Amino acid sequence: MSQVKRMLSGKLYCCAVPDKEREEMYERRVKFMDEFNATGYGDFKTREKLVRDIFKHVGSNVMINKPFLCDYGCNISVGDNFYANFDCIILDVNEVEIGNNVMFAPRVCVYTAGHPIDKDVRNALLEYGYKVKIGNDVWVGGNTVINPGVTIGDNVVIGSNSVVTKDIPSNCVAAGNPCRVIRKITDDDKRFWEEQALDFYNDSKK
């Protein structure tokens, strides 16, 4: 089995073992990041084109601020209306699947990459990657770290400075280190924010 196949299947692989496919992925990523991070800050159109050329899947209306860093790029899928603010890092040695209407605040990090706890295995340059999945309608607060193997459900708010080490269910607010569910998102939340939105729209008509 090739190193890339081992990597994407969640098995241990060695970054020091020559693998033509992985080396080509790496070179393509380097070119992408150089071009992406050289764009003007307001040039979302060029950045979207570059992202579409390298990501596995890209929905409509995708906006990613620079700087942005990734391991390969080709293992990242994002849905419609994805937004990532400054300093987003995605280590995609395994798949990162992001749904529709997902927003990342500044300095959100998504890590699929991990290293063995045993020092001898780790020092042999063996590592692994576990898939990360983020559902629809998710807002991730600034400086949050999402760790390998995590699944975040739909309609979730992750508080800033969280470290997400375990799955987060749908329809909740979660925060902390380690990140845990703080409370459910309720109909009271919907009513409150709809009232705030109505006030905004009414005031805008004046």
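# Exercises on a predicted model

Arg-52 and Glu-48 are joined by a salt bridge, with 2.8 Å between the closest N and O atoms. The structure is a predicted model, in which local features need pLDDT of at least 70, side-chain atom pairs count only at pLDDT 80 or more, and totals for chains, interfaces and linings use all residues. Residues are numbered from 1 along each chain as its sequence is written, and side-chain values use heavy atoms, with hydrogens and water left out.

## Exercise 1: salt bridges in helix α3

Task: state where Arg-52 and Glu-48 lie, and find the salt bridge between Lys-49 and Asp-53.

Solution.
- Step 1. A salt bridge here is a side-chain nitrogen of Lys or Arg within 4 Å of a carboxyl oxygen of Asp or Glu.
- Step 2. Helix α3 (residues 44-54) holds both Arg-52 and Glu-48, which are 4 residues apart, about one turn of the helix. Helices (H or I, at least four residues) and strands (E, at least two) are DSSP runs, numbered from the N terminus.
- Step 3. Arg-52 is partly exposed at 38% relative accessibility, and Glu-48 is partly exposed at 22%. Buried means under 20% relative accessible area, exposed over 50%, and partly exposed in between (1.4 Å probe, protein chains only).
- Step 4. Lys-49 and Asp-53 form a salt bridge of 3.3 Å, N to O. These two residues also lie in helix α3, 4 residues apart, about one turn of the helix.
- Step 5. Lys-49 is exposed, with a relative accessible area of 55%, whereas Asp-53 is partly exposed at 43%.

## Exercise 2: a salt bridge between strands

Task: which parts of the chain does the pair Lys-133 and Glu-97 tie together?

Solution.
- Step 1. The closest N and O atoms of Lys-133 and Glu-97 are 3.8 Å apart, and the pair forms a salt bridge.
- Step 2. Lys-133 belongs to strand β13 (residues 132-134) and Glu-97 to strand β8 (residues 96-98), so the pair ties together parts that are 36 residues apart in sequence.
- Step 3. Lys-133 is partly exposed at 37% relative accessibility, and Glu-97 is partly exposed at 29%.
- Step 4. Through shared partners, salt bridges join Lys-56, Glu-95, Glu-97, Lys-131 and Lys-133 into one network.
- Step 5. A search of the whole structure finds 12 salt bridges.

## Exercise 3: backbone features in loops

Task: locate the cis peptide bonds from Lys-66 to Pro-67 and from Asn-177 to Pro-178, then place Arg-107 and Leu-125.

Solution.
- Step 1. The bond from Lys-66 to Pro-67 is cis, with omega near 0°. Pro-67 sits in the loop between β3 (63-64) and β4 (68-70).
- Step 2. Omega is also near 0° in the cis bond from Asn-177 to Pro-178, and Pro-178 is in the loop between β19 (172-175) and β20 (180-184).
- Step 3. Arg-107 is not a glycine, although its phi is positive, about 60°. Arg-107 is in the loop between β9 (103-104) and β10 (109-111) and is partly exposed, with a relative accessible area of 48%.
- Step 4. Leu-125, a residue other than glycine, has a positive phi near 65°. Leu-125 is in the loop between α4 (119-123) and β12 (126-129), where it is partly exposed at 43%.

## Exercise 4: contacts of two loop residues

Task: is Asn-75 buried or exposed, and which residues does Asn-75 touch?

Solution.
- Step 1. Asn-75 is in the loop between β4 and β5 (76-78).
- Step 2. With 6% relative accessibility, Asn-75 counts as buried.
- Step 3. Not counting residues up to four places away in sequence, Asn-75 touches Met-7, Leu-8, Met-25, Asp-92, Val-93, Asn-94, Glu-95 and Val-96. Contact means heavy atoms within 4.5 Å.
- Step 4. For a second case, take Pro-148, in the loop between β15 (145-146) and β16 (151-152). Leaving aside neighbours within four places in sequence, Pro-148 is in contact with Tyr-111, Thr-112, Ala-113, Gly-114, Tyr-130 and Val-132.
- Step 5. Pro-148 and Val-93 are 55 residues apart in sequence and 10.0 Å apart in space, C-alpha to C-alpha.
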